Amino acid sequence: MLISDCFHLTDTQAQQFAALEVLYPEWNGKINLISRKDITNLMEHHVLHSLAIGKFLSFASGTTILDVGTGGGFPGIPLAILFPECRFTLIDGIGKKVMVAADIARRIGLTNVECLHERAEEEKRQFDFVVSRAVMPMPDLVKLVRKNVHHKHKNAIPNGLIVLKGGDLNAETAPFRQTAEVTELPTLSPAFSSDWFTEKRIIYLSL
């Protein structure tokens with residue numbers, strides 16, 4: 001399913017998403033961001049997957065989001081295209097991956113993205129939300145980013161952590177069983193009905 005089938009896009013956004021289909025394979029030939037086998041599934045497995053967060057929550061204008069362990073820019077860059085009135089800070093401990101994210105953001109004309117080569121421990125600022133895509137076990141991630149979430153709310157849900165995860169999450173979510181909200185991606189939109197999205201989830205935790 002096309003991204004335009006599940007989100008109302010401007011012409012600029014449609015062009016930016018289309019550009020990702022060219023720029024990521026171009027960079028992937030130089031730096032192994034995505035497995036060679038999976039690069040052909042870029043739009044579904046990486047771009048659309050990232051945008052599931054945008055189906056879970058439509059960020060209010062002015063929302064600030066920290067993407068921890070962004071790699072080459074997921075989920076941060078697709079979300080920054082979708083929410084141009086929000087500010088995204090993308091961080092990763094691997095410098096060459098951050099370089100790719102910064103280059104792609106620049107080449108598609110994103111002005112709401114900051115890409116930094118740093119670890120989560122080093123980022124001291126506070127944001128409305130922290131997002132991440134399967135970067136580390138939930139208990140470890142919560143310990144690292146709790147300091148980065150402030151408590152002045154402007155969205156439909158309280159500020160916190162929104163994570164894309166797959167597989168058996170019982171052990172990871174056990175410490176947060178009373179507070180974590182787990183959403184199966186296929187319940188968000190027909191866009192996530194393919195077999196690949198089976199057992200793919202969003203975990204939301206108010207911090």
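The buried residues of helix 5 (buried meaning under 20% relative accessible area with a 1.4 Å probe and protein chains only) are covered by elements that include helix 2 (11-28), helix 4 (76-82), strand 2 (87-92) and strand 3 (113-117). This is a predicted model, in which local features need pLDDT of at least 70 and side-chain atom pairs count only at pLDDT 80 or more, while totals for chains, interfaces and linings use all residues. Residues are numbered from 1 along each chain as its sequence is written, and side-chain values use heavy atoms, with hydrogens and water left out.

Helices (H or I, at least four residues) and strands (E, at least two) are DSSP runs numbered from the N terminus. Helix 5 (residues 95-107) has 13 residues and reaches 18 Å from its first C-alpha to its last, close to the 18 Å expected at 1.5 Å a residue, where the expected span is 1.5 Å times one less than the number of residues. Its buried residues are Val98, Val100, Ala101, Asp103, Ile104 and Ala105, and just after the helix glycine 109 takes a positive phi of about 85°.

The sheet is open and has 7 strands in the order 3-2-1-4-5-7-6, with mixed pairing; two strands pair if DSSP finds at least two bridges between them. Its edge strands, each pairing on one side only, are strand 3 and strand 6 (181-184), and the twist averages 20° from one strand to the next. Three of the pairings are set out here.

| Strands | Sense | Bridges | Citation |
|---|---|---|---|
| Strand 1 (residues 64-68) and strand 2 | parallel | 5 bridges | |
| Strand 5 and strand 7 | antiparallel | 7 bridges | |
| Strand 6 and strand 7 | antiparallel | 4 bridges | |

Within strand 7, isoleucine 203 stands opposite valine 163 and tyrosine 204 stands opposite glutamate 181; 6 of the 7 residues of strand 7 are buried.

Helix 2 and helix 3 pack at an angle of about 125°, with their axes 11 Å apart, the axes being lines fitted to C-alpha atoms over the stretch in contact and the angles running from 0 to 180 degrees between N-to-C directions. The two helices are therefore oblique to each other, since angles under 35 degrees count as roughly parallel, over 145 as roughly antiparallel, 65 to 115 as roughly perpendicular and the rest as oblique. Phe17, Leu20, Glu21, Tyr24 and Pro25 in helix 2 meet Leu42, Met43, Val47 and Leu51 in helix 3, contact meaning heavy atoms within 4.5 Å.

Definitions and conventions. Buried < 20%, exposed > 50% of the residue type's maximum accessible area, 1.4 Å probe, protein only.
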